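I open this notebook to record what I looked up in the structure shown below. The entries follow the order in which I consulted it.

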Amino acid sequence: MTHLLAALLSLGAFALLAGVVLAVAQRVFHIEGDPMVDKIDSMLPQTQCGQCGYPGCKPYANAVASGAAEVNHCVPGGERVMLQIADLMGVEPKAVEEEAAAPMLAFVREDECIGCTLCIKACPVDAIVGAPKQYHTVIVDQCTGCMLCVEPCPVDCIDMLVKPELLEHWAWPLPDTRRAAVGHERRGHHAGHA
Ligand code: SF4
Ligand code: SF4
């Protein structure tokens, strides 16, 4: 009887130990999200514009990583992003179907705005400010030109303007570090919006 009890106790102790080891291992080696998805997402321009056919940059990154989507659907990212993703995925580059349009900016004709707030709800990066029944306006530095606010406007008072090539806007092509910082900022606005 004592042998049986001893055997059961040591079995129980072993099971407990194994459980603790597994719990610790799960915590230590836990990986948040899919590293490949995160890498692809970090290469995307975070305009959340949906021109790739997916509801934002992260869903497109998921689709590319799972092989459900080709590497050439990001229109604002253009050839530069396609080549980066193809290189990362180790696949053949594919011609970008649609030429990225010139950088655009949304502009609200404030005297016509009725303050319905529909554009605020549509903007994926929180680039529009305004209060109900008050005119709304676009935060130029945050607008990515995705055009998602134009269609919902009931009085059609949002114009899409080509981003002026002004000296204060001109900058050397963004090094990857700065591009990553801009992407991180936009991802934050989008996460706060969703
Ligand atoms: S203001 Fe309009 S165009 Fe600009 S990011 Fe928001 S939804 Fe897109
Ligand atoms: S959707 Fe149009 S009318 Fe409504 S708040 Fe925006 S700009 Fe104004």
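**Entry 1: the ligand site.** I began by fixing a term: on a 1 Å grid over the protein atoms alone, a cavity is a set of points where a 1.4 Å probe fits but cannot get out. I noted that I was working with a predicted model. I then looked up the largest cavity and found that its space is taken by ligand 1. I listed the surroundings of ligand 1 and obtained 13 residues, of which the closest are Cys-123, Cys-143, Cys-146, Met-147 and Cys-149. Sorting this shell by class, I recorded eleven nonpolar residues, two polar ones and none that are charged.

**Entry 2: the chain.** I turned next to the protein chain, in which I found six helices and four strands. Along the sequence I read their order as α-α-α-α-β-α-β-β-β-α. I noted that, of the 194 residues in the protein chain, 28% are buried. I also examined the contacts between residues at least 6 apart in sequence, and 57% of these join residues at least 24 apart.

**Entry 3: helix H3.** Which residues of helix H3 are buried? In this helix, which spans residues 57-65, I found Cys-57, Tyr-60, Ala-61, Ala-63 and Val-64 to be buried. Looking down the axis of H3, I saw that these buried residues fall within an arc of 160°, and therefore they line one face of the helix. I then asked what covers the buried residues of H3. The cover includes helix H2 (35-43) and helix H4 (78-89). Finally, just after H3, I recorded a positive phi of about 85° at Gly-67.

Conventions: Residues numbered from 1 in each chain as written. Chains lettered and ligands numbered in written order. Predicted model: local features only at pLDDT ≥ 70, side-chain atom pairs only at ≥ 80, totals over all residues. Heavy atoms only, no water. Buried < 20%, exposed > 50% of the residue type's maximum accessible area, 1.4 Å probe, protein only. Helix = DSSP H or I, 4+ residues; strand = E, 2+ residues; numbered from the N terminus. Arc of directions from axis to C-beta. Contact = heavy atoms within 4.5 Å. Near = heavy atom within 4 Å. 1 Å grid on protein atoms, 1.4 Å probe; cavity = no way out; pocket = protein on both sides within 12 Å on 5 of 7 lines; lining within 4 Å. Sits in = over half its atoms within 2 Å of the grid points. Nonpolar A, V, L, I, M, F, W, Y, C, P; charged D, E, K, R; others polar.
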